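Please work through the exercises below with the sequence and the structure open beside you. Try each task before reading its solution.

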Amino acid sequence: MSCLMVERCGEISFDSPDQNAKCVRMLGDARVRGQTGVLSERRGSYPFIDFRLLNNTTLSGEIGTKKKVKRLLSFQRYFHASRLLRGIIPQASLYLLDEDYLGQARHMLSKVGTWDFDIFLFDRLTNVMVQEDYHSQNPYHNAVHAADVTQAMHCYLREPKLANFLTPSDIMLGLLAAAAHDVDHPGVNQPFLIKTKHHLASLYQNVSVLENHHWRSTIGMLRESRLLAHLPKEVTQDIEQQLGSLILATDINRQNEFLIRLKSHLDNQDLRLEDTRDRHFMLQIALKCADICNPCRLWELSKQWSERVCEEFYRQGDLEQKFELEISPLCNQQKDTIPSIQIGFMTYIVEPLFEKWAQFTGDTPLSENMLNHLRRNKAKWRSLLHKQHSSSRSNDHSGQVTGSQEQTLNEEETP
């Protein structure tokens, strides 16, 4: 089945639920094997989860409204292509965006190597990031997150301790893995896929389910684009395997594995970045840092990311409650508050990794800046958590929340 056919399946509304379910399964199974022998998944191979098919329940009636496949192309690209399709050859370049708009985008791109880069503003100004294979309805795991991780990776690759040893191939792999590390993310986590018996959980035997899917989907995109078609087979195979190694490293369940290994290297002072293996390991660490660097950003940016990821958690919790499943940790909006989630995340996941990263880089300005942001942001979340507890106690005693307390909660503590 061609990629075009797979994408068009998402727009079809069949008359019977069985036909709809068949189309969903067909989308999920659209995988191909390339000449290099690595399984890949075609773009769009992971359908939006149809929650009425959970637990293999037999359902009657029509499956909900048909899904619209949205292509987020810039107006300039679309207009230019449509003129060519009509046989109209433009005599001059098409400038459909005013110079002020383009000037703002160019000005922002000139700062892409600075840590305080505002990815949300850049998204509003340009809308030209890797988007077609990310799902914009995800509050967190979407194209903006991919672009944010890529920008962070760009900053890390410029750290002198690492940059002095990187080859052009290393840089390409690092940025490509960052851009594609969450491609086709469904907005739910691995435990959700496992307990709902999703086909991907079975396919990858409940191990790094999402990360394996992101990797195989990336391979599918690369093969369809023929970006690497000019390279020898063995080189292409090596690139695909290294991309897999990088993307699989972002599995949060492997956090201790990588942290222990990094600590051992730093304690023994045996990292040799001239060695390909050690260099690749540090690319894995850099990508892991980039993936969870939100708490190390400016408060205004970090807070937005925190609210987005918690909204995604809460949506999963609502689905689990709706289908009478056990609510996953961090996904219960009634019990798991944003400040408490973030404080735990910073304490047990972010701080240990970034402290070791700073030890590796040698306390560079970037590392010091990130750790300072991390400490300030953690203090702000602690303050908000204290206000929540104080407000809760006051509410328990009086039976109501005062107007000023309600305003504080609405403005500072809820998504």
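The exercises that follow go from the whole chain to single helices, residue pairs and loops, and they concern a predicted model.

**Exercise 1. The chain as a whole**

Task: Find how many helices and strands the protein chain has, and what share of its residues count as buried.

Solution: Begin with the secondary structure, where the protein chain shows 18 helices and two strands. Turn next to burial: of the 415 residues in the protein chain, 47% count as buried. The surface can then be added to the picture, since the accessible area of the protein chain comes to about 21800 Å², and carbon and sulfur atoms hold 52% of that area. Finally, look at contacts with a separation of 6 or more in the protein chain, 70% of which are accounted for by residues 24 or more positions apart.

**Exercise 2. One helix and its two ends**

Task: Describe the span and the cover of helix α11, and then examine the residues S208 and R226.

Solution: Start with the extent of α11, which runs over residues 209-225 and so has 17 residues, with an expected span of 24 Å at 1.5 Å a residue. From its first C-alpha to its last, the helix reaches 24 Å, close to that expectation. As for cover, α11 is mostly covered, with 14 of its 17 residues buried. The helix is followed by R226, which has a positive phi near 60 degrees. S208, in turn, lies in the loop between α10 (199-203) and α11. The phi of S208 is near 45 degrees, a positive value in a residue other than glycine. S208 counts as buried because its relative accessibility is 8%, and the cut-off for buried is under 20%.

**Exercise 3. Salt bridges within a helix and between helices**

Task: For the pairs D267 and K263, E307 and K303, and E351 and K378, say where the partners lie and whether they are buried or partly exposed.

Solution: A search of the whole structure finds nine salt bridges, and these three pairs are among them. The general idea behind such pairs is that side chains of opposite charge can pair when their charged atoms come close.

- In the pair of D267 and K263, the side chains meet at 2.9 Å, N to O. Both residues lie in helix α13 (residues 255-268), four residues apart, which is about one turn of the helix. D267 counts as partly exposed because its relative accessibility is 45%, and K263 counts as partly exposed because its value is 41%.
- In the pair of E307 and K303, the side chains meet at 2.6 Å, N to O. Both residues belong to helix α15 (residues 299-322), where they are four residues apart, about one turn of the helix. E307 and K303 are both buried.
- In the pair of E351 and K378, the side chains meet at 3.3 Å, N to O. This pair links distant parts of the chain, with E351 in helix α16 and K378 in helix α17, 27 residues apart. E351 and K378 are both buried.

One general point helps with the pairs inside a helix: an α-helix has 3.6 residues a turn, so residues three or four places apart point the same way.

**Exercise 4. An annotated loop residue**

Task: Locate H141, decide whether it is buried or exposed, and list its contacts beyond its close neighbours in sequence.

Solution: The first step is to place H141, which lies in the loop between α5 (119-126) and α6 (143-157). H141 counts as buried because its relative accessibility is 15%. With neighbours within four places in sequence left aside, H141 is in contact with Y134, H135, D182, H185 and E312. The last step is the record: an unreviewed UniProt entry places the feature "active site" at H141.

**Exercise 5. Two more loop residues**

Task: Examine the loop residues T364 and L330, giving the place and the accessibility of each.

Solution: T364 sits in the loop between α16 (338-361) and α17 (365-398). T364 is buried, with a relative accessible area of 11%, and its side chain is joined to that of E159 by a polar contact of 2.6 Å. L330 lies in the loop between α15 and α16. L330 is partly exposed, with a relative accessible area of 37%, and has a positive phi of about 75 degrees although it is not a glycine.

Terms used: Residues are numbered from 1 along each chain as its sequence is written. This is a predicted model: local features need pLDDT of at least 70, side-chain atom pairs count only at pLDDT 80 or more; totals for chains, interfaces and linings use all residues. Side-chain values use heavy atoms; hydrogens and water are left out. Buried means under 20% relative accessible area, exposed over 50%, partly exposed in between (1.4 Å probe, protein chains only). A polar contact is a pair of N or O atoms within 3.5 Å; within protein, one must be able to donate a hydrogen and the other to accept it, and residues adjacent in sequence count only if both atoms are side-chain atoms. Contact means heavy atoms within 4.5 Å. Accessible areas come from the Shrake-Rupley method with a 1.4 Å probe; for residues, only the protein chains shown count as cover. A salt bridge is a side-chain nitrogen of Lys or Arg within 4 Å of a carboxyl oxygen of Asp or Glu. UniProt positions are given in the numbering used here, feature names are shortened, and annotations may be inferred rather than shown by experiment.
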